[in-house]
Amino acid sequence: MLHSSKSFLSALGARVWRANSEAGDSNVRTVPTRFGALDQLLPNGGWPQRTLIELLAPCGVGEMRVLMPVLAPLMRARQTVLWVEPPHIPYPRALITHGALLEQLLVVRARDRAERLWATEQALKSGAAAAVVAWLPEDTTHLTSFQTLRRLQLAAQSMKRDPGLVFLLRSPAARTAASPAPLRIELAACERGVALDIFKRRGMPVHSMVQLALPSPIVRRFEALLEERDTAEAATTNAVDCRLSA
């Protein structure tokens, strides 16, 4: 009985959030953002999996250039990425320049506010996508309710495909509204690229903003080509090793 109690307390201790931890270390798995300065400020060094990540930003400040470094590799790995009601028609040439595979991008259109929220929840529950990016129907007078966000959070926790990334693009007016999302970031354009204010995260709060220099899509495409080459070389090496061992 004593051994069982110690095992239970040990397992419980690993799951308890400690408010004095510098970066909110926990058992939540993450995916690197591919921005070193941002990874250093995020708990466990990256985007958390199977939970809501809120990005509060006016349209066009560079929010998609922050996300494409993690979304494009998923598409190249033949994983489906789903966008719910983007504010503009995706530009294929720009996506290709980022290294994305267009056939792995699924865009969902919704006729009204209720349909958009329903489509987002169903996308998370369906198991069809490895990552979901949803633009919520918001303005200064109509913000998404806490109850609705809670439903999306529960749906995100049940995502079936790895890595299970969920990004909600919201209005900056939502900053003072309550949300169950454990990670909330406000974005603004700056001279170098984009400034990120991480105003909610696990662990101690961040008291300074991080500015990210956003590489041009051409640089991202070059990095994607190098990644494809390295992957092909690794596959060839593994095939040779298997033949030799046989």
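The exercises below, each with a worked solution, concern a predicted model of a protein structure.

**Exercise 1. The order of the sheet**

Describe the open sheet of eight strands, and work out which strands stand at its edges.

*Solution.* Begin with the order of the strands, which is 5-4-6-7-3-8-9-10, with mixed pairing in an open sheet. Next, look at the two ends of that order: strand 5 (105–108) and strand 10 (210–213) are the edge strands, since each of them pairs on one side only. Finally, consider how the strands are set against one another: on average, and with direction ignored, neighbouring strands of this sheet are turned by 20°.

**Exercise 2. Strand 6 and its partners**

Find how strand 6 pairs with strand 4 and with strand 7, and decide whether the residues of strand 6 are buried or exposed.

*Solution.* Take the partner on one side to begin with: strand 4 (residues 81–84) and strand 6 (residues 131–135) run in the parallel sense and pair over four bridges. Within this pairing, Leu82 has Val132 as its bridge partner, and Val84 stands opposite Ala134. Now turn to strand 7, with which strand 6 pairs over five bridges, again in the parallel sense; here Trp135 stands opposite Leu169.

The last step is to ask how well strand 6 is covered, and the answer is that five of its five residues are buried. Both faces take part in this, for Ala131, Val133 and Trp135 are buried on one side, while Val132 and Ala134 are buried on the other.

**Exercise 3. Two aromatic pairs**

Classify each of the two aromatic pairs found in the whole structure, and say which parts of the chain each pair connects.

*Solution.* It helps to recall that a pair of aromatic rings is described by the distance of the centres and the angle of the planes. A search of the whole structure finds two such pairs. In one of them, the ring centres of Trp47 and Phe167 are 5.2 Å apart and their planes stand at 85°, which is over the 60 degrees required, so this pair is edge-to-face. Trp47 belongs to strand 2 (residues 47–48) and Phe167 to strand 7 (residues 165–170), so the pair ties together parts that are 120 residues apart in sequence. Trp47 has a relative accessibility of 0% and therefore counts as buried, and Phe167, at 0% relative accessibility, counts as buried too.

In the other pair, the centres of the rings of Trp83 and Trp135 lie 5.8 Å apart with their planes at 70°, so this pair is edge-to-face as well. The pair links distant parts of the chain, with Trp83 in strand 4 and Trp135 in strand 6, 52 residues apart. Both Trp83 and Trp135 are buried.

**Exercise 4. Pockets and a cavity**

Compare the linings of the largest pocket, the second largest pocket and the largest cavity by residue class.

*Solution.* Rolling a probe the size of a water molecule over the atoms shows where empty space is left. Start with the largest pocket, which has a volume of about 410 Å³. Its lining is made up of 20 residues, of which Glu63, Met64, Trp83, His88 and Trp135 lie nearest the centre. Helix 3 (63–76) and helix 4 (92–97) each supply at least two residues of this lining, and helix 3 gives the largest share, namely four residues. By class, the lining of the largest pocket has 14 nonpolar, four polar and two charged residues.

Continue with the second largest pocket, which holds about 280 Å³ of space. Among its 15 lining residues, Ala57, Cys59, Trp135, Leu136 and Leu169 lie nearest the centre, and the lining divides into nine nonpolar, one polar and five charged residues.

End with the largest cavity, whose volume is about 100 Å³. It is lined by 11 residues, with Pro43, Gly46, Pro48, Leu183 and Arg202 nearest its centre; by class, five of the lining residues are nonpolar, four are polar and two are charged.

**Exercise 5. A residue in a loop**

Locate Thr141 in the chain, and decide whether Thr141 is buried or exposed.

*Solution.* Thr141 has its place in the loop between strand 6 and helix 6 (146–157). Its relative accessible area is 61%, which is over the cut-off of 50%, and Thr141 is therefore exposed. As a further step, compare positions along the chain with positions in space: Thr141 and Ala174 are 33 residues apart along the chain, and their C-alpha atoms are separated by 9.9 Å.

Definitions and conventions: Residues numbered from 1 in each chain as written. Predicted model: local features only at pLDDT ≥ 70, side-chain atom pairs only at ≥ 80, totals over all residues. Heavy atoms only, no water. Pairing = 2+ DSSP bridges. Axes fitted to C-alpha atoms, helices over the stretch in contact; angles between N-to-C directions. 1 Å grid on protein atoms, 1.4 Å probe; cavity = no way out; pocket = protein on both sides within 12 Å on 5 of 7 lines; lining within 4 Å. Points joined across faces, edges and corners; volume = space filled by probe spheres on them. Nonpolar A, V, L, I, M, F, W, Y, C, P; charged D, E, K, R; others polar. Phe/Tyr/Trp six-rings, centres within 6.5 Å; stacked < 30°, edge-to-face > 60°. Buried < 20%, exposed > 50% of the residue type's maximum accessible area, 1.4 Å probe, protein only.
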